[in-house]
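Trainee: Could we go through this protein together? I would like to start with its overall build and then turn to its cysteines.

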Amino acid sequence: HSVELAQILVSYFEKKVYDKEKIVGSIDWDPIEKIVVDGKDVQPVLKFAPELIEVLKEYPNFRCISVHSVSLNNSGSYIVQELGYALAWGDEYLQQLVDAGVEPTLAASKIKFNMGISENYFMEIAKFRAARMLWAQIVKQYEPKCDCACKMCVNAVTTSYNMTVFDAYVNMLRSQTETMSAAIAGVHSIVVTPFDAVYE
């Protein structure tokens, strides 16, 4: 129903006569996550990607396709594993969109990354910085019209993988250092998992 949701949002924005340049948001449409995490074959759903982009193409700051590598982070993946899978995952979306006839600049500008933040402070800073550089190199291979398409949009989420039930207030310290590393790395947005989420 993501295409329907996008249509509802667009009609609402048009009714309110909002400035399309100032609307910032996302629809976190990510069928590949179901394949990677749950092993479900959702390939038929991938055909909706070009239609979803078409509905939101006039909104330059509204993303509609997501890479949820935070799922890998919360499953215990190493930093390099998450980074590698996230980039391959994003490239898969980009390739499928271009193959379906979506212009590369538009396709790349509609992809957003939801990446996890683990407890390894300096490596996490390095991960986000490396991700931006590597994603730019991937997008350049598709020869976009504008270099602006090479900019990676990242939402960072503190991990739930290392949270403890037995000493919940330690979770605040862990989340704080994780959040700090993502902030220093310069991500677009950060979600801080509540310290008591593991038992609430």
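Trainee: What share of the 200 residues in the protein is buried?
Mentor: Keep in mind that this is a predicted model. A residue counts as buried when its relative accessible area is under 20%. By that cut-off, the buried share of the 200 residues is 45%.

Trainee: What radius of gyration does the protein have, and how does that fit a compact globule?
Mentor: A compact globule with 200 residues would come out near 16 Å. The value for the protein agrees with this, because its radius of gyration is 17 Å.

Trainee: In what order do the helices and strands follow each other along the sequence?
Mentor: Happy to help! The protein has eight helices and five strands. Reading along the sequence gives α-β-α-α-β-α-α-α-β-α-β-α-β.

Trainee: Which cysteines does a disulfide join?
Mentor: Two sulfur atoms must lie within 2.5 Å to count. The rule gives one disulfide, with an S to S distance of 2.4 Å. Both partners are partly exposed, one at 31% relative accessible area and the other at 44%. In that order, they are Cys146 and Cys148.

Trainee: Why is Cys150 not bonded to the closest cysteine sulfur?
Mentor: Cys150 is buried, at 8% relative accessibility. What rules out a bond is distance, because the closest cysteine sulfur, in Cys148, is too far away at 8.0 Å.

Trainee: And which cysteine has the sulfur nearest to that of Cys153?
Mentor: Cys153 is buried too, with a relative accessible area of 13%. Cys153 is in no disulfide, and the nearest cysteine sulfur is 12 Å away, in Cys64.

Note on methods
Residues are numbered from 1 along each chain as its sequence is written. This is a predicted model: local features need pLDDT of at least 70, side-chain atom pairs count only at pLDDT 80 or more; totals for chains, interfaces and linings use all residues. Side-chain values use heavy atoms; hydrogens and water are left out. Buried means under 20% relative accessible area, exposed over 50%, partly exposed in between (1.4 Å probe, protein chains only). Helices (H or I, at least four residues) and strands (E, at least two) are DSSP runs, numbered from the N terminus. The radius of gyration is taken over C-alpha atoms; the globule rule is 2.2 Å times the number of residues to the power 0.38.
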